[in-house]
Amino acid sequence: MQKKIKIPKLSLNHIEEDGEVKDYGEEDLQLRHIKRPEGRKPSEVAHKSIEAVVARLEKQNGLSLGHGTCPEEVFVEASPGTEDMDSLEDAVVPRALYEELLRNYQQQQEEMRHLQQELERTRRQLVQQAKKLKEYGALVSEMKELRDLNRRLQDVLLLRLGSDNLREGAEKKVVFITGRVHPGETPSSFVCQGIIDFLISQHPIAHVLREHLVFKIAPMLNPDGVYLGNYRCSLMGFDLNRHWLDPSPWAHPTLHGVKQLIIQMYNDPKTSLEFYIDIHAHSTMMNGFMYGNIFEDEERFQRQAIFPKLLCQNAEDFSYSSTSFNRDAVKAGTGRRFLGGLLDHTSYCYTLEVSFYSYIIGGTTAAVPYTEEAYMKLGRNVARTFLDYYRLNPLVEKVAIPVPRLRKEKPPPYKYPFLRGPASNHPNGKGDKKSSVNHTDPSNSF
């Protein structure tokens with residue numbers, strides 16, 4: 001299909017000296033319509049078509065268009081047949097190209113918005129992670145400090161009293177006492193404090209006990225839990241009284257240290273670990289009482305009941321009727337159960353429980369609230385019960401002999417009449433008389 005376009009002839013030779021351009025008429029220029037090749041974009045076809053037209057015009061008119069000259073400036077006027085020209089592509093292609101560019105631009109803008117949203121979301125997540133890392137770093141540093149504290153406590157926590165006063169070559173009888181494995185059971189600390197205060201005092205009973213027994217006391221097995229205000233668990237979230245079977249030196253350092261020390265003493269032929277008492281507090285039952293183990297040997301089981309019976313005679317707030325002996329599977333990881341199965345028949349393991357709130361004296365029904373002094377008094381009575389168990393009462397009478405004084409002084413508070421009582425059911429005693437069962441409690445003065 002051919003169309004005519006009215007093209008003015010322009011040439012440098014046609015320009016007059018005065019600068020006016022003469023009208024030399026019109027010349028018909030035949031243009032051949034070029035079909036668009038398949039697979040090419042409209043913009044490429046249109047661009048090449050325009051270049052072909054411009055090249056042909058330059059060839060015929062002898063005019064070379066510069067790079068800065070727009071092709072539309074050449075076509076100043078169009079012939080009347082231009083409107084009928086089938087040049088729809090020349091009008092549609094730039095529009096389609098514009099729409100395509102607009103779509104691409106809008107798509108890029110949308111992608112930019114999505115990227116900005118993702119970047120903002122990532123920034124917020126990074127800020128939150130930074131805060132968490134900061135808190136975690138503070139927690140890790142605090143945990144390291146507590147772990148260092150636990151290591152130091154392993155060395156200074158175990159209190160050894162009176163071992164220097166024992167005779168050389170004699171077998172050391174050891175009483176091992178632990179407390180506060182559950183950090184929320186604060187009464188156990190007061191009971192343990194009563195034991196320690198009495199043993200290091202100048203009381204004649206304490207003096208005799210230090211001469212004949214070795215007391216090792218770990219008053220706080222869960223210091224990190226106490227520091228954090230936990231009720232039962234440690235800093236790592238463990239109930240330490242369920243991990244005696246296999247304590248970890250990293251997660252349960254105090255338990256691991258105490259267990260290693262007990263095993264070391266158990267393997268020492270010169271040491272006899274005869275008692276292990278773990279002090280707790282009970283939230284529902286009243287009075288003080290004990291838990292013991294059950295053994296197939298009937299004689300060993302009967303011997304195990306002697307210490308709670310003697311403690312019941314010495315402490316008015318201790319109830320032997322509430323004392324029980326069991327081997328529940330739930331309590332398999334406790335110190336009492338584990339050490340009861342580890343140690344031999346000469347050792348006795350107990351859990352000493354004391355009520356959180358009150359006790360009932362025998363023969364009455366009124367509940368007496370526990371106080372700090374009442375808890376410490378129970379601890380003193382636990383300590384003096386070892387005097388009855390080992391039949392050391394005659395030695396107390398020798399220690400209590402008054403020393404001549406040069407001037408008047410107030411009598412010491414521990415001078416009490418020591419009365420002879422009935423024979424006890426001690427495993428090694430045959431008709432031995434106990435002087436501490438019925439006499440006034442000398443530990444009440446502390």
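# A walk through some strands and loops

Hi everyone. Let's start at Thr334, whose side chain reaches the backbone nitrogen of Arg337 at 3.4 Å. Before going further, please keep in mind that this is a predicted model.

So where does Thr334 sit? Thr334 belongs to the loop between strand E8 and helix H10, and that helix covers residues 335–342. Is Thr334 buried or exposed? Its relative accessibility is 4%, so Thr334 counts as buried, since the cut-off for buried is under 20%. Which residues does Thr334 touch, once we leave aside neighbours within four places in sequence? They are Asn241, Arg242 and Trp244. If you have the structure open, try showing those residues together with Thr334.

Next comes Asp239. You will find Asp239 in the loop between helix H6 (223–228) and helix H7 (253–267). Asp239 has 17% relative accessibility, and therefore it is counted as buried. Which side chain does Asp239 meet in a polar contact of 3.1 Å? The partner is the side chain of Arg232. Arg232 also turns up in the contact list of Asp239, together with His182, when neighbours within four places in sequence are left out.

Now let's move on to the strands, beginning with E7. This strand takes in residues 288–292, and 5 of its 5 residues are buried. How are the residues of E7 shared between its faces? Gly288, Met290 and Gly292 are on one side, while Phe289 and Tyr291 are on the other, and both faces are covered.

Who are the partners of E7? One of them is strand E8, residues 324–325, which pairs with E7 in the parallel sense over 2 bridges. In that pairing, Gly292 stands opposite Phe325. Strand E9, residues 348–355, is also a partner, but here the pairing with E7 is antiparallel and has 4 bridges. You can follow this pairing residue by residue: Gly288 is opposite Val354, and Phe289 has Glu353 as its bridge partner.

Let's stay with E9 for a moment. How many of its 8 residues are buried? The count is 8 of 8, so E9 is mostly covered, just as the buried residues of E7 suggest for that strand. Tyr348, Tyr350, Leu352 and Val354 point one way from E9, while Cys349, Thr351, Glu353 and Ser355 point the other way. E9 has another pairing too: strand E6, residues 271–282, runs parallel to E9 and they share 8 bridges. Within that pairing, Tyr276 stands opposite Cys349.

One residue of E9 deserves its own slide, and that is Glu353. What does the UniProt record say about Glu353? The record, an unreviewed entry, carries the annotation "active site" at Glu353. In the model, the relative accessible area of Glu353 is 8%, which means that Glu353 is buried. Not counting residues up to four places away in sequence, Glu353 touches His280, Ala281, His282, Asn287, Gly288, Phe289 and Tyr291. You have already met some of those names: Gly288, Phe289 and Tyr291 were listed among the buried residues of E7.

Now a word on cysteines. How many disulfides does the structure hold? The number is 0. For anyone new to the term, a disulfide is a covalent bond between the sulfur atoms of two cysteines. Let me show you a couple of cysteines anyway. Cys192 counts as buried because its relative accessibility is 1%. Cys312, at 31%, counts as partly exposed.

To finish, here are some backbone angles. Arg180 has a positive phi, near 55°, and it is a residue other than glycine. Where is Arg180? Arg180 lies in the loop between strand E4 (172–179) and helix H4 (187–199). With a relative accessibility of 9%, Arg180 counts as buried.

Arg391 is not a glycine either, and its phi is positive, at about 55°. Arg391 is in the loop between helix H11 (372–389) and helix H12 (393–399). Is Arg391 buried or partly exposed? Arg391 has 35% relative accessibility, so it counts as partly exposed.

If you take one picture home, let it be E9, paired in the parallel sense with E6 and in the antiparallel sense with E7, with the buried Glu353 in it. Thanks for listening!

Terms used:
Residues numbered from 1 in each chain as written. Predicted model: local features only at pLDDT ≥ 70, side-chain atom pairs only at ≥ 80, totals over all residues. Heavy atoms only, no water. Buried < 20%, exposed > 50% of the residue type's maximum accessible area, 1.4 Å probe, protein only. Polar contact = N/O pair within 3.5 Å; in protein donor to acceptor, adjacent residues only side chain to side chain. Contact = heavy atoms within 4.5 Å. Pairing = 2+ DSSP bridges. UniProt positions renumbered as here; feature names shortened; annotations may be inferred. Disulfide = S-S within 2.5 Å.
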